[in-house]
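Colleague: Hey, got a minute to walk me through this one? I'm new to reading structures, so keep it plain.
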Amino acid sequence: MPTKTIPILETKRLVLRGPEPEDYPNFKATFASYRSRFMGGPLNAYETWMLYAAEIGHWNIRGYGMWMIHDKETDETLGMAGGWFPAKWPEREIAWIIWPDKAGHGYALESTHAVRRYFYNELGWDGAVSYIDPKNLDSIRLAERLGAVKDKSAPSVDGHDVVYRHPSPDALASSQIGDAIEMEISHYADPMFKPKGYALD
Amino acid sequence: MSLNINIPVIETERLRLRAPQLSDLEAMTKFFASDRSQFVGGPRDEATTFMSLTSRIGHWVVRGHGLWHFEEKETGTFMGWTGVINAPGWHEPELGWSVMEAGEGKGYASEAAIAARTYAATHFGMPQLMSYLAPANARSIAMAKRLGATYEREHQLHGKLCHVYRHPKVEAA
């Protein structure tokens, strides 16, 4: 079987690479915790391991998947972001998770913005959704900052999630959303800027 | 970066053992929806089966060994899987197998499992694997015995009782 190439995405502060076996302990720590309650967790040791293996295999089966987010300077992992499309999923999803102790720095915004651009520009996606637990206010807030809007008419995964529809490539290119995201990311990257007021990923 | 997916292809007289692929999903889903899967973690719905498919590939990446899917050489029809499973809860690597309905009664599972067992001894440094078998899974127990495996002891796999069958020591090919 040929070796599959997973592209490396670089942003201002982050490097996104495919999930590797040595990244597993960080993934495991999060999925064993309450933080993963909106992602189907917490999971036991077997379920967590199988999910990680499935994250890797998704790249091979679909040709895209979830990247591991690394700090560009220290290389430590911060979470995951990318595309997710299991069987029976109504549409391709842009998904993310940030390790609990790494939240609040805008890493999810910076990485999801980059992966969405990659899917639109390199893979030719004409749109995407995010399936979010209605109680997951941080993720709903992030979806909104990404310009996604609630789509009440779109089918959800299992009726327990809400669908946020991302702006199309054209809408993203022709509106100010892209600029606003870039500006917010640059604020996060600026140590003088301290966002206040709401929970952030 | 490249994802190091190195799943070897093995050919036997009638079968080709190769990586799991998306076109196998339909037959896998049918298998996991049926009673045939009752001794191997089923039943599973299609979404869970998809996760099984993708996790099998990840298993190879993480462990360097895993399950092959095998197809009939002549027709290319996906007939089942075999190989080495080593996930949390496994006390040591296991030689596992399942055969789809279409491949039953032809000795395909044995043919594939013997090839996988030899490959594991030769390339994975696993000369004497064991298999977990549900005590009620008479057909697989009969096959394990035909392969020369013998009952060793009981084991609890994720809270379910199973029997450990030890395979004979296999010389590296």
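Modeller: Sure, one term to begin with: a residue is buried if 20 or more other C-beta atoms lie within 10 Å of its own, exposed if 12 or fewer, and partly exposed in between, with C-beta atoms placed from the backbone. By that count, 41% of the 173 residues of chain B are buried.

Colleague: Anything I should know about the model itself?
Modeller: It's a predicted model, where local features need pLDDT of at least 70, side-chain atom pairs count only at pLDDT 80 or more, and totals for chains, interfaces and linings use all residues. Residues are numbered from 1 along each chain as its sequence is written, while chains are lettered from A and ligands numbered from 1 in the order in which they are written.

Colleague: How many helices and strands does chain B have?
Modeller: Four helices and nine strands. Those are DSSP runs numbered from the N terminus: helices are H or I with at least four residues, strands are E with at least two. Along the sequence, the pattern goes β-β-β-α-α-β-β-β-α-β-α-β-β.

Colleague: OK, new topic. How do α1(B) and α2(B) pack?
Modeller: Helix α1 (residues 25-33) of chain B and helix α2 (residues 46-63) of chain B have axes 9 Å apart, at an angle of about 120°. Axes here are lines fitted to C-alpha atoms, for helices over the stretch in contact, and angles run from 0 to 180 degrees between N-to-C directions. That angle makes α1(B) oblique to α2(B); under 35 degrees counts as roughly parallel, over 145 as roughly antiparallel, 65 to 115 as roughly perpendicular, and the rest as oblique.

Colleague: And which residues make the contact?
Modeller: B:L25, B:M28, B:T29 and B:F32 come from α1(B), and B:E46, B:T49, B:F50 and B:L53 from α2(B). In contact means that the C-beta atoms, placed from the backbone, lie within 7 Å.

Colleague: What about α1(A) and α2(A) in chain A?
Modeller: The axes of α1 (residues 24-31) of chain A and α2 (residues 45-62) of chain A come within 10 Å and cross at roughly 130°. So α1(A) is oblique to α2(A).

Colleague: Last one: how many residues of chain A are in contact with chain B?
Modeller: 26 residues of chain A are in contact with 27 residues of chain B. On the chain A side, α2(A) gives the most, with 14 residues.

Technical notes. Two residues are in contact if their C-beta atoms, placed from the backbone, lie within 7 Å.
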